[in-house]
Amino acid sequence: MRLDKYLKVSRLIKRRTVANEACDAGRVTVNDKVAKASTDVNVGDVIGIKFADKIVTVKITRITESIHKEDAKEMYDVM
């Protein structure tokens, strides 16, 4: 699954266009490498997202095309 779509489906970032902009600005990393929005992500990858003054790091535990809002947190573990 594309990184920008994963960020949207998992509710880490609210909209896919915002996820694209974050990737273009270099604020998203996958396995400690700056990632483009089109980067493929897999279970076990570690994603880092810079939000203003903090960095959120998560490990992908599940990839699903669509999921209920309540279950979105099961797609990753916060590190």
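**Fold and loop geometry of the predicted chain**

Among contacts in the protein chain between residues at least 6 apart in sequence, 37% link residues at least 24 apart. This value, like those that follow, was computed from a predicted model.

A good place to begin is the order of the elements. The protein chain holds two helices and five strands, and along the sequence these follow the pattern α-α-β-β-β-β-β. The radius of gyration of the protein chain is 11 Å, close to the 12 Å given by the globule rule for 79 residues, so the chain is as compact as a globular protein of that length. Along the principal axes, the C-alpha trace spans about 30 × 25 × 25 Å.

Turning to surface and charge, buried residues account for 35% of the 79 residues in the protein chain. The accessible surface comes to about 5,100 Å², and carbon and sulfur atoms contribute 48% of that area. The protein chain carries 16 positive and 12 negative charges, and the mean positions of these two sets lie 4 Å apart.

The strands deserve a closer look. Five of them form an open sheet in the order β2-β1-β3-β4-β5, with antiparallel pairing. Strands β2 (33–34) and β5 (76–78) stand at the edges; each has a single partner strand, so one side of each is left without a neighbour in the sheet. At the β2 edge, strand β1 (residues 28–30) runs antiparallel to β2 and is joined to it by two bridges. Within this pair, V30 stands opposite K33 of β2.

Two loop residues invite attention for their backbone geometry. N31, in the loop between β1 and β2, has a phi near 50 degrees, which is a positive value in a residue other than glycine. The relative accessible area of N31 is 38%, and the residue is therefore partly exposed, given that this class lies between the 20% limit for buried and the 50% limit for exposed residues.

A52 offers the second case. This residue is found in the loop between β3 (46–51) and β4 (54–60), and its phi, near 40 degrees, is again a positive value in a residue other than glycine. With a relative accessibility of 89%, A52 counts as exposed, since exposed means over 50%. Taken together, N31 is partly exposed in the β1–β2 loop, while A52 is exposed in the loop between β3 and β4.

Definitions and conventions. Residues are numbered from 1 along each chain as its sequence is written. This is a predicted model: local features need pLDDT of at least 70, side-chain atom pairs count only at pLDDT 80 or more; totals for chains, interfaces and linings use all residues. Side-chain values use heavy atoms; hydrogens and water are left out. Helices (H or I, at least four residues) and strands (E, at least two) are DSSP runs, numbered from the N terminus. The radius of gyration is taken over C-alpha atoms; the globule rule is 2.2 Å times the number of residues to the power 0.38. Buried means under 20% relative accessible area, exposed over 50%, partly exposed in between (1.4 Å probe, protein chains only). Contact means heavy atoms within 4.5 Å. Accessible areas come from the Shrake-Rupley method with a 1.4 Å probe; for residues, only the protein chains shown count as cover. Lys and Arg count as positive and Asp and Glu as negative; His and the chain ends are not counted. The place of a charge is taken as NZ of Lys, CZ of Arg, CG of Asp or CD of Glu. Two strands pair if DSSP finds at least two bridges between them.
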